[in-house]
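Q: I should like to learn how the features of a structural model are read. Could we take them one at a time, with the general idea before the particular case?

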Amino acid sequence: MNFKTIIEPFKIKSVETITMSSEEERVDFLKLAHFNPFLLKSEQVIIDFLTDSGTSAMSNEQWAAIMRGDESYAGAKSWERFYNAVNDLTGFEYVLPTHQGRAAERILYGHLGGPGKVFISNTHFDTTRANIEFSGATAYDIAIEEAKNHSVFHPFKGNLDCNKLEDLINEHGAENIGAVILTVTNNSGGGQPVSMQNAKEVAAICKKHHVLYILDCCRIAENSYFVKHREKGYENHSYRQIAQEMFALADGCVMSAKKDALVNMGGFLALKDEKLAEACTNLLIITEGFSTYGGLSGRDMEAIAIGLNEVFDKDYIYYRIKSTEYLGEKLREKGVPVMYPIGGHAVYIDSAKLYDHIPLNKYPGQALVCELYRIGGIRCVEVGSVMFGKYDENGELIPAAMELVRLAIPRRVYTQSHIDYVVEVFDELMKNKANVKGYKIIKEPKLLRHFTAHFEQL
Ligand code: F0G
């Protein structure tokens, strides 16, 4: 029997209250937050789709393990359990615990980067790009062409364009390539998966040119779901085996444990090469902490060790991917231009298409983000020209490649009725589509402006 309802494969043991608000209240809250949802208070939000990062609900097993945390400065038992969990999954011998993903990025790309160096990825996540550019290096995004077309089905839109990879390596010289970074799933490119075939091709090119190949693996379990169900030859593999095979192709990985390790804080860098690991460990000790805890407390390491196993549970992954798809498909039925097919952790909406009357320099994505909050108290994030736009010498906006808005779904947090509420909010949003106006940025910092920029409604 195939039931339609996606049943959450867990029972709820502890609850967190959601404060309900009226539309009038939300209009005020939005003004006070300068029309930037990052500046809202969480209690002003009904459904928080800002990020799937660090927002997971931990399991009873994880909470129990937290009591077991060994907080010894060096050689703690928790470090051993953490090391074994990461080593068993990734196969990498050298494991560096960091307080979150970007700390691992800062250490690795800070060491490998610098002026004249080049990094190549399917799509660099914003902190990845910022860390690379901060070092003085250059970052190139080369997802396959199909990634730009939101209406056609392609099973692996997160794939990296291998012809462009060869060209870039030849153009800049292999010695100037800091690293090739395959982000699975491709977050900024729509949460789209990467195939094993593509990972193999990327690995082969990197090997041929002696270029370092790093996996940004923070959503590796979700990626494994798509490989198992969309790629020939993996039907009978477990999700974990698929992940292990993908790790085996790389020289190392950077992980934000706040995603697929099902914890609220943490990350790691894991490497094959001893020399590189040594250099990075020096930086770890200077900026994070001693090598057997880095940026983490013993209890954090315990929770990560368990999360890294729970996330590959077949019932969990099925529920996870199917409930994201459920939201995406419902919106698609309503004519909302969603990025298709639906990715693993989030539903992405093409705001430039939805609000085709708002010019790109008036930020249609920001308009959508504000509308969703006003109508339904839903908080989400713009992944378009607010996040990635640049200015030319005349101060005119050079828009991002896409004007997406991301509804990122926290893991194990919302139920199907929460999701059905979100679907209803979109009915209202679609009715009011033509009346929505754009936004102007009135204050912004130099880097990562989407976090703190102030906007004015036009
Ligand atoms: N890489 C990817 C692909 C990410 O999605 C993120 C974070 C990071 C690296 C950095 O990890 O936050 O632990 O420092 N993404 C979050 C998001 C912030 O909302 O997508 P971090």
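A: Let us begin with enclosed space. In this predicted model, the second largest cavity is lined by Asn36, Pro37, Phe38, Leu50, Gln366, Val369, Cys380, Val381, Glu382, Val386, His450 and Phe455.

Q: Where does the idea of empty space inside a protein come from?

A: A probe the size of a water molecule is rolled over the atoms, and this shows where empty space is left. In this model the count comes to 2 cavities of 30 Å³ or more.

Q: What volume does the second largest cavity have, and which helix and strand each supply at least two residues of its lining?

A: The second largest cavity holds about 50 Å³ of space. Helix H14 (364-376) and strand S11 (381-383) each supply at least two residues of its lining. By class, that lining divides into 8 nonpolar, 3 polar and 1 charged residues.

Q: What is the volume of the largest cavity, and which residues line it?

A: The volume of the largest cavity is about 90 Å³. Its lining consists of Ile6, Glu8, Tyr319, Ser323, Tyr326, Ile409, Pro410, Tyr414, Thr415, Gln416 and Ile419. Two elements, H12 and helix H16 (416-431), give two or more residues to this lining. The largest share, 3 residues, comes from H12. The classes in the lining of the largest cavity are 7 nonpolar, 3 polar and 1 charged.

Q: Let us turn to pockets. What is the volume of the second largest pocket, and how many residues line it?

A: The second largest pocket has a volume of about 890 Å³. Its lining has 35 residues, and Arg129, Asp141, Phe388, Ala400 and Ala401 lie nearest its centre. Helix H5 (126-134), helix H15 (385-388) and strand S12 (390-391) are the elements that give two or more residues to this lining. H5 gives the most, with 4 residues. By class, the lining of the second largest pocket has 17 nonpolar, 8 polar and 10 charged residues.

Q: Where does the second largest pocket lie with respect to domain 1 and domain 2?

A: One first needs the division of the chain: domain 1 covers 23-52 + 313-457, and domain 2 covers 60-310. Both domains give residues to the lining of the second largest pocket, so this pocket lies between them. The C-alpha centres of the two domains are 26 Å apart. In the contact between them, 31 residues of domain 1 meet 33 residues of domain 2.

Q: How should I read the packing of two helices?

A: Two packed helices are described by the angle between their axes and the distance between the axes. Helix H8 (residues 220-230) and helix H12 (residues 314-333) pack at about 85°, with their axes 10 Å apart. H8 and H12 are therefore roughly perpendicular to each other. On the H8 side the contact is made by Ala221, Glu222, Tyr225 and Phe226, and on the H12 side by Ile317, Tyr318, Arg320, Ile321 and Lys322. The classes in this contact of H8 with H12 are 6 nonpolar, no polar and 3 charged residues.

Q: At what angle do the axes of H8 and helix H9 cross?

A: The axes of H8 and helix H9 (residues 239-248) cross at roughly 105° and come within 8 Å. That makes H8 roughly perpendicular to H9. The contact joins Ile220, Asn223, Ser224, Tyr225, Val227, Lys228 and His229 of H8 to Tyr239, Ile242, Ala243, Met246 and Phe247 of H9. Its residues divide into 8 nonpolar, 3 polar and 1 charged.

Q: What should I look for in the backbone angles?

A: Most residues other than glycine have a negative phi, and most peptide bonds are trans. His34 has a phi near 55°, a positive value in a residue other than glycine. His34 lies in the loop between helix H1 (23-32) and strand S1 (47-48).

Q: Which peptide bonds are cis, and where do Thr185 and Pro341 lie?

A: One cis peptide bond joins Val184 and Thr185, with omega about -15°. Thr185 is placed in the loop between strand S5 (177-183) and helix H7 (196-209). The peptide bond from Tyr340 to Pro341 is also cis, with omega near -5°. Pro341 lies in the loop between H12 and strand S9 (346-350).

Q: Which residues is Met402 in contact with, leaving aside its neighbours within four places in sequence?

A: Met402 is found in the loop between strand S13 (397-398) and strand S14 (404-408). Apart from those neighbours, Met402 is in contact with Ala147, His150, Gly189, Met339, Val383, Gly384 and Ser385.

Notes. Residues are numbered from 1 along each chain as its sequence is written. This is a predicted model: local features need pLDDT of at least 70, side-chain atom pairs count only at pLDDT 80 or more; totals for chains, interfaces and linings use all residues. Side-chain values use heavy atoms; hydrogens and water are left out. Axes are lines fitted to C-alpha atoms, for helices over the stretch in contact, and angles run from 0 to 180 degrees between N-to-C directions. Angles under 35 degrees count as roughly parallel, over 145 as roughly antiparallel, 65 to 115 as roughly perpendicular and the rest as oblique. Contact means heavy atoms within 4.5 Å. Ala, Val, Leu, Ile, Met, Phe, Trp, Tyr, Cys and Pro count as nonpolar, Asp, Glu, Lys and Arg as charged, and the others, Gly among them, as polar. On a 1 Å grid over the protein atoms alone, a cavity is a set of points where a 1.4 Å probe fits but cannot get out, and a pocket is an open set with protein on both sides within 12 Å along at least five of seven lines; lining residues have an atom within 4 Å of a point. Grid points are joined across faces, edges and corners, and a volume is the space filled by probe spheres set on the points. Domain bounds come from an automatic or database domain assignment.
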